[in-house]
Amino acid sequence: MGKGAMDKGKGKIKETVGKATGNEKMQAEGKTDQMKGKAREAIEKVHRGGMKARDEMKRRSTS
């Protein structure tokens, strides 16, 4: 599990607890954490794609 997924999960929990307790600040923090997690996941995806492309180029150049 990547850090992005962990941030999203943590955010969902905070948002849910905030809703249940009427704590608007916690609810807002949860939404922020979820957005942060989504952004981190997008960055991780781009990074994985770059690593895959690099490895493919290395493989082709050694063949």
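I'll start with one residue. D33 is buried, at a relative accessible area of 10%. Buried here means under 20%, so D33 qualifies. This is a predicted model, so please hear everything that follows as computed from that prediction.

Where does D33 sit? D33 belongs to helix 2. Its C-alpha atom is separated by 8.5 Å from that of G9, and the two residues are 24 apart along the chain.

That brings me to the pair of helices. Helix 1 takes in residues 3-21, and helix 2 takes in residues 24-62. At what angle do they pack? The angle is about 165 degrees, and the axes are 7 Å apart. That makes helix 1 roughly antiparallel to helix 2, because the cut-off for that term is over 145 degrees. The crossing of helix 1 and helix 2 is left-handed. As for what the contact is made of, sorting its residues by class gives 16 charged, 7 polar and 3 nonpolar.

Now helix 1 by itself. It has 19 residues, which at 1.5 Å a residue should span 27 Å. The C-alpha atoms at its ends are 27 Å apart, so the expected span and the model agree.

Which residues of helix 1 are buried? They are G4, D7, G11, E15 and G18. Around the axis they cover an arc of only 70 degrees, which means that they lie on the same side of helix 1. On the face turned away from that buried side, the exposed residues are I13, A20 and T21.

Let me take A20 from that face. A20 is part of helix 1, and its relative accessibility is 68%. The cut-off for exposed is over 50%, so A20 counts as exposed. From A20 to T62, the C-alpha to C-alpha distance is 58 Å, with their positions 42 residues apart in sequence.

Back to helix 2 for a last residue, K25. Is K25 buried or exposed? K25 is exposed, because its relative accessibility is 60% and the cut-off is over 50%. K25 and M51 are 26 residues apart in sequence, and their C-alpha atoms are 39 Å apart in space.

To go back over the main points: helix 1 and helix 2 pack at about 165 degrees with a left-handed crossing. Helix 1 has its buried residues on one side and exposed ones, including A20, on the face turned away. In helix 2, D33 is buried and K25 is exposed.

Methods: Residues are numbered from 1 along each chain as its sequence is written. This is a predicted model: local features need pLDDT of at least 70, side-chain atom pairs count only at pLDDT 80 or more; totals for chains, interfaces and linings use all residues. Side-chain values use heavy atoms; hydrogens and water are left out. Axes are lines fitted to C-alpha atoms, for helices over the stretch in contact, and angles run from 0 to 180 degrees between N-to-C directions. Helices (H or I, at least four residues) and strands (E, at least two) are DSSP runs, numbered from the N terminus. Angles under 35 degrees count as roughly parallel, over 145 as roughly antiparallel, 65 to 115 as roughly perpendicular and the rest as oblique. A crossing is left-handed if the near helix is turned anticlockwise from the far one by less than a right angle, and right-handed if clockwise. Ala, Val, Leu, Ile, Met, Phe, Trp, Tyr, Cys and Pro count as nonpolar, Asp, Glu, Lys and Arg as charged, and the others, Gly among them, as polar. The expected span of a helix is 1.5 Å times one less than its number of residues. Buried means under 20% relative accessible area, exposed over 50%, partly exposed in between (1.4 Å probe, protein chains only). The arc is that of the directions from the helix axis to the C-beta atoms.
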